[in-house]
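Here is a friendly walk through one protein model, written for someone who thinks at the bench. Please keep the sequence and the 3D view open as you read.

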Amino acid sequence: LLFTRTCLCCQKEELQVYEKYCQNKPRSEVVWRQCGDSLFFQECQKKLDHKLSLDAYLLKPVQRITKYQLMLKVHTVKMSAIQ
């Protein structure tokens, strides 16, 4: 548990970025709904040869942060078993 706490404290700034990102997610969804079908975004997607639209990439960090809780839970269980 101490190791997990230490890891979280060391990563505090990086996790704060995720926090801010998740807080702004509803706003980015509104902007995407208003501008997502614009020629600019379509051209960027084509130029970069991306199969997914921008909104799919905007969702990735939100999906990733939900996995951290599970990862920490598994790690905590393993560390408890060792001790």
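The sections below go from the overall fold to the helices, a pocket and two single residues.

## Overall picture and confidence

This is a predicted model, so let us begin with how confident the predictor is. The protein chain has a mean pLDDT of 82, with 87% of its residues at 70 or more. Confidence varies along the chain: among its elements, helix H1 (residues 2-10) has the lowest mean pLDDT, 64, while helix H3 (residues 39-47) has the highest, 92.

The protein chain is built from four helices and zero strands, and its pattern along the sequence reads α-α-α-α. Of its 83 residues, 7% count as buried.

## Helix H2

Helix H2 covers residues 12-35. Its 24 residues should span 34 Å at 1.5 Å a residue, and the end C-alpha atoms are 33 Å apart, so the expected and modelled spans agree.

If you trace H2 in the viewer, look for Lys 25, where the helix bends by about 45°. A proline, Pro 26, follows within four residues of that bend. Lys 25 is also one of the buried residues of H2, together with Tyr 18 and Trp 32.

## Helix H4

Helix H4 takes in residues 54-82. With 29 residues at 1.5 Å each, H4 should span 42 Å; its end C-alpha atoms lie 43 Å apart, so here too the two values agree.

H4 has a kink of its own, of about 25°, at Lys 60. The proline Pro 61 comes shortly after that point.

## The second largest pocket

Which residues line the second largest pocket? They are Trp 32, Gly 36, Phe 41, Gln 42, Cys 44, Gln 45, Leu 48, His 50, Leu 52, Ser 53, Leu 54 and Tyr 57. The elements giving two or more residues to this lining are H3 and H4, and H3 supplies the largest share, with four residues.

The pocket holds about 170 Å³ of space. By residue type, its lining has seven nonpolar and five polar residues, and no charged ones. Trp 32, one of the lining residues, is also on the list of buried residues in H2.

## Two residues to look at

Asp 49 sits in the loop between H3 and H4. Its phi is positive, about 55°, although Asp 49 is not a glycine. Is Asp 49 buried or exposed? Its relative accessible area is 53%, and the cut-off for exposed is over 50%, so Asp 49 is exposed.

Gln 63 belongs to helix H4. Its relative accessibility is 37%, which means that Gln 63 counts as partly exposed. Gln 63 and Cys 22 are 41 residues apart along the chain, and their C-alpha atoms are separated by 10.0 Å.

Note on methods. Residues numbered from 1 in each chain as written. Predicted model: local features only at pLDDT ≥ 70, side-chain atom pairs only at ≥ 80, totals over all residues. Heavy atoms only, no water. pLDDT = per-residue confidence, 0-100. 1 Å grid on protein atoms, 1.4 Å probe; cavity = no way out; pocket = protein on both sides within 12 Å on 5 of 7 lines; lining within 4 Å. Points joined across faces, edges and corners; volume = space filled by probe spheres on them. Nonpolar A, V, L, I, M, F, W, Y, C, P; charged D, E, K, R; others polar. Expected span 1.5 Å × (residues − 1). Bend = angle between axes of the 7 residues up to and from the residue. Buried < 20%, exposed > 50% of the residue type's maximum accessible area, 1.4 Å probe, protein only.
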